[in-house]
Amino acid sequence: MALATIFVWCALAGRLERTGLTAPIVFVAAGFVLVEVFDAHDLGLEPELVKLIAEVTLVWVLFGDASGVRWREFRRDLGTYWRLLGIGLPLTMALGTGVAMVVLGLDPWPALLVGAALAPTDAALGASVMSNPRVPGRVRSTLNVESGLNDGIATPIVLVAIAGTAAAEGITGVESPERAVLSLVIGVAVGALIGGLGAWVTKRARDLGWLRDKLDGVAVLALALLAYAGALLSEGNGFVAAFVAGLVFGNVAGHRQEQEVTFVEQSGNLASMVSWLVFGALAVPVIVEWWSWGVLAYGALSLTLVRMLPVLVSLLGAGFDRYSVAFIGWFGPRGLASVIFALLALEGLGDAGQEVVAVISLTVLVSVVVHGFSARPLSTRFPRVSKTA
């Protein structure tokens, strides 16, 4: 059934998306149906397999997103990106953490885990926004760059929060918060080294005619995993290494790197579909078990106040009209990064992470539906000529 769902979605995606359906909606539903029909053990969803799927998916997504950020284009609207990522994102994490402590009564470490895991956005959940010419170009590029970078920025915070939660709960096998911080520094260094070296080798081989067109994508795919594995061997953070490697590679490899990264993005899309299936099979039942009005209230606040207020504060004086600011604030769908963080928390914390996973999962589930179906109608409300275009 899983393979059939993937095939049918890929074949009919263009038609289905016009009805408001998105890949996450379809695959979460399919995963839930699978676990209802078959036992999770029968599906082979063992903890180690779940961890492998989550880690590989996150590596490819981080590398692919980061490689798409061009420094030249980034500099053109650096002030806006700095506002969202340097002011808005930290405010979102802080506000999300505080609300989790008040509404859910969580201790600081698990509250930080919830706040950080739900801070990244996923513009891919509303592809109609990114392709709709009615949406001003500046708004689209802002959402695209924000979603491309905020998951990489949030990743180290999430991993430190998982480590802190594990230490507070007395869970062994998870590194301490102090060690997690050190591993982040090592990950940055390893990622920059492997990304830069890989870009130089790729560019040199291309200039000499040694790099075959049919193999360039495979090479970059392996490079993303190499950055991750290299960081782990150096006792560094593999996810941060993959993100930094993608960022460096995308800005050093030359003009043909977009073609070379395409294979990574396609592989990441396939892994994402599998991750959404696993999410529907494992995380949705956790929601049912840990359901409460407090969890629902937090999800609603996370998608509205916790996201929109920091965006409003960060974009004051940035030159956007009011509808554009409101649109950017609302269109902060929680997607794949939050799902992967939930799966990592579930695998690393076990029963101690059940409530946290339930909160993250419910918020993502609601986001998948409301943002998926609201993207197109809200996009069409922009005037045909906009000052922010």
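This is a short tour of a helix pair and a cavity in a predicted model.

**Stop 1: two helices that cross**

Start by selecting residues 293-303, which form helix H13, and residues 354-379, which form helix H17. Turn the view until you can look along the place where they meet. The two axes come within 9 Å and cross at roughly 55 degrees. That angle falls outside the ranges for roughly parallel, antiparallel or perpendicular, so H13 and H17 are oblique to each other. Their crossing is right-handed.

Now show the side chains at the contact. On the H13 side, pick Val-295, Leu-296, Tyr-298, Gly-299, Ser-302 and Leu-303. Facing them in H17, the residues to pick include Ala-358, Val-359, Leu-362 and Thr-363. Carry on along H17 and add Val-366, Ser-367, Val-370 and His-371, which also take part in the contact. Try colouring by residue class: you should find 9 nonpolar and 5 polar residues in this contact, with no charged ones.

**Stop 2: a cavity**

Next, hide those side chains and move to the empty space inside the model. How many cavities of 30 Å³ or more does a search of the whole structure find? There is 1, and about 60 Å³ of space lies in it.

To see its walls, select Leu-84, Gly-88, Leu-89, Thr-92, Ala-119, Glu-146, Asn-150, Arg-307 and Val-311. Helix H5 (78-103), helix H8 (137-169) and helix H14 (305-314) each supply at least two of these lining residues. H5 gives the most, with 4 residues. Colour the lining by class as before, and it divides into 4 nonpolar, 3 polar and 2 charged residues.

Note on methods. Residues numbered from 1 in each chain as written. Predicted model: local features only at pLDDT ≥ 70, side-chain atom pairs only at ≥ 80, totals over all residues. Heavy atoms only, no water. Axes fitted to C-alpha atoms, helices over the stretch in contact; angles between N-to-C directions. Helix = DSSP H or I, 4+ residues; strand = E, 2+ residues; numbered from the N terminus. Parallel < 35°, antiparallel > 145°, perpendicular 65-115°, else oblique. Left-handed = near helix turned anticlockwise from the far one by under 90°. Contact = heavy atoms within 4.5 Å. Nonpolar A, V, L, I, M, F, W, Y, C, P; charged D, E, K, R; others polar. 1 Å grid on protein atoms, 1.4 Å probe; cavity = no way out; pocket = protein on both sides within 12 Å on 5 of 7 lines; lining within 4 Å. Points joined across faces, edges and corners; volume = space filled by probe spheres on them.
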